[in-house]
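Here's a walk through one protein model, written for someone who would rather be at the bench. Have a look at the structure first, then read on.

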Amino acid sequence: MQYLAELQISKAAFGLGGNSSIRLLARNTGENVWQPITNEQTLPIDSAMAKDFKDGQLVIAEVTGSNQVQSIQDASKKIVNILQAFSRSQDKYKSAEEEVEQWKQSLNFQSQELHRREQELEQKELELEHLNDRKQEIEELESKFSKERSEIEELRKNIESERGRFEAKAAALTVDQAEHIKTLISQLSTGFTNPDSLRDRIHSAIDLLNQRQEILTGFWQSLDRIKNEAEKQKSSLSKSTEELNARKTHWQQTQIALADAQAELKAQRGILKLQENNMAMSRLQLDAQIDLYQQTFKAIEEFGGPGCMDVLSPEEESRLQSMSIEELESTIKALQADFDRLANYVSAQEDELAGLEGEIADLQSQVETADQFERIELESNKDFAEEQYKVLEESVMGSRGGMQQRLSVLNKQKAILDRRKGIAVNLNPVQNLLPLLSQIEAQKNRQEQELRKMESQIETVRNYTQQQQDVLAKQTHEHQQQEQSIRAAEAQQQDQVRVVAELLGQISAREQLLRPVQDIVDTLRPQLEAAIQDLGVMSNGNSSAQILTDLQSVIQSLVSS
């Protein structure tokens, strides 16, 4: 099972040996699901597993059922993945909230649009009621016209039938009967409707219908133009919607990339903070090493300076004892000259090392103030100077060790010479302190070298982090501008949707208004034209008025005869 744990490395004095263990923090129970461990539990691990890690570093440990640690690996990448998953969850939740808000706005807009449509429908109902009243008036006029036409036809038939009877009885008519018939014909003529007048009224109605049809035709043409404009608006809206969706998709991808970059930058800052903490600990350790070195060196000075560090082998000491005093003095003199030359060489190397250290510090200050292009060249010069410093420092450390070793041999041979000459030689505790001083100095030098290396790495990481932060800030600003542009485009698109909806509403409203009127006109025109044809048929024979006039003449002639 996988555990998130903290690595604990305890070293013995002077960096020799030590134990390693891990403190369990959380247990992996699923994908990106970690259950914290409340009771503190520590498991020992092999020191070889922890050789590539540092004390306090977070690791992912594979632990068996018997609490045996099989392997450990760096947890930084795992933690970054968890943070990225959490960030994506936050983004999805925020996106869902924005969608809900958009749905609310859409529902409000639809509610307003529905209320407006209801008002338009009420207005259209009133107009339709008015049109229905007009339709009823026209239908009543048509019914009256049909009724009068039927009455005229019936009257004509009656007159034709009565005409024969009048002619048969004309000879027998009296003056009173003739007058009575004239009175009846006069009354009939008074109540009779002239077909020509009715034809004129029908023609007037047809002309009125034609005028209304011309108006309706203009309305239909205007409606067609509105439909064409609505189609153009819909096409433009569809195209802008596709473009806006593409921009939204690109914006969302950019947002995910920015979230990943922010998580990576945050992790990089965490690593930088951890490195700075490690460097601070290394500084404390170096200060402790320097203090220990100074105290040891001071103790050596209190005991009279450096003495013999290494003990000669019995064979070498026996050989020096068997030499003559002159040969021993000559050997010591040669060793002293060789030691002086080596000391001068080491001193020159230390001066050169100090010069390189000053040059590196000067290059570092120039890098901090240089622009992007000059910084590349300065960092290259700095890396080259640091590499020279490293090589020279290793050479100086080796020369110091050789010089210390020769000094020890020289002091030992001088002590043998003094004893052979009868000069008393007191045992000096410096001989026991010198090896310890050499170890402390070597460890101090290694600590200084690691500290300089850490400082260089931290500075590189800090510069890189700052550059990434500047780039991320610029990208975030551009991303916000894109978001504002998208919101403006959405607002514009909503206006287009509103315009298209209004156009569609106008089209629907005008069709609902024009269609009933057009149906009425289309229904009345053929009926009125049929009525005109019927009146024309009636006009081809004798008119009713002429018939009445002829009837009156006949009766008058009968009475006169």
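What follows covers the main pocket, the salt bridges, a hairpin and one of the helices. Keep in mind that this is a predicted model.

## The largest pocket

Let's start with the empty space. The largest pocket holds about 1400 Å³, and 37 residues line it. If you want to find the middle of the pocket on screen, pick Glu98, Gln102, Lys248, Arg487 and Glu490, the lining residues that lie nearest its centre. Helix H1 (76-169), helix H3 (195-302) and helix H7 (430-540) are the elements that each give two or more residues to this lining.

Which helix gives the most to the lining? That's H1, with 16 residues. As for chemistry, the lining of the pocket splits into 16 polar, twelve charged and nine nonpolar residues.

## A salt-bridge network that shares residues with the pocket

Two of the residues nearest the pocket centre, Glu98 and Arg487, turn up again in a network of salt bridges that also takes in Glu483. Within this network, the side chains of Arg487 and Glu483 meet with 3.2 Å from N to O. Both residues sit in helix H7, four residues apart, or about one turn of the helix.

Are Arg487 and Glu483 buried or exposed? Neither, quite: Arg487 has a relative accessible area of 47%, so it counts as partly exposed. Glu483 is partly exposed too, with a value of 23%. The cut-offs matter here, because buried means under 20% and exposed means over 50%.

## Other salt bridges

Across the whole structure, a search turns up 16 salt bridges. One of them joins Arg88 and Asp260, whose side chains come to 3.6 Å, N to O. Here the partners come from distant parts of the chain: Arg88 belongs to helix H1 and Asp260 to helix H3, with their positions 172 residues apart. Arg88 is partly exposed at 36% relative accessible area, and Asp260 is partly exposed at 22%.

Arg116 and Glu120 make a more local pair, as both are in helix H1 and four residues apart, so about one helical turn separates them. Their closest N and O atoms are 2.4 Å apart. Arg116 counts as partly exposed at 24% relative accessibility, and Glu120 does as well, at 23%.

## The E4-E5 hairpin

Now for some strands. Strand E4 (residues 58-63) pairs with strand E5 (residues 69-74) in the antiparallel sense, over five bridges. One place to see the pairing is Val63, which has Val69 in E5 as its bridge partner.

The two strands form a hairpin, with five residues between E4 and E5. Look in the turn for Asn67, which has a positive phi of about 60 degrees.

## Helix H6 and what comes just after

How does the end-to-end distance of helix H6 fit its length in residues? The helix runs over residues 372-420, which makes 49 residues. At 1.5 Å a residue it should span 72 Å, and its end C-alpha atoms are 71 Å apart, so the two values agree.

Just past the end of H6 comes Gly422, with a positive phi of about 85 degrees.

Technical notes
Residues are numbered from 1 along each chain as its sequence is written. This is a predicted model: local features need pLDDT of at least 70, side-chain atom pairs count only at pLDDT 80 or more; totals for chains, interfaces and linings use all residues. Side-chain values use heavy atoms; hydrogens and water are left out. On a 1 Å grid over the protein atoms alone, a cavity is a set of points where a 1.4 Å probe fits but cannot get out, and a pocket is an open set with protein on both sides within 12 Å along at least five of seven lines; lining residues have an atom within 4 Å of a point. Grid points are joined across faces, edges and corners, and a volume is the space filled by probe spheres set on the points. Ala, Val, Leu, Ile, Met, Phe, Trp, Tyr, Cys and Pro count as nonpolar, Asp, Glu, Lys and Arg as charged, and the others, Gly among them, as polar. Two strands pair if DSSP finds at least two bridges between them. A salt bridge is a side-chain nitrogen of Lys or Arg within 4 Å of a carboxyl oxygen of Asp or Glu. Buried means under 20% relative accessible area, exposed over 50%, partly exposed in between (1.4 Å probe, protein chains only). The expected span of a helix is 1.5 Å times one less than its number of residues.
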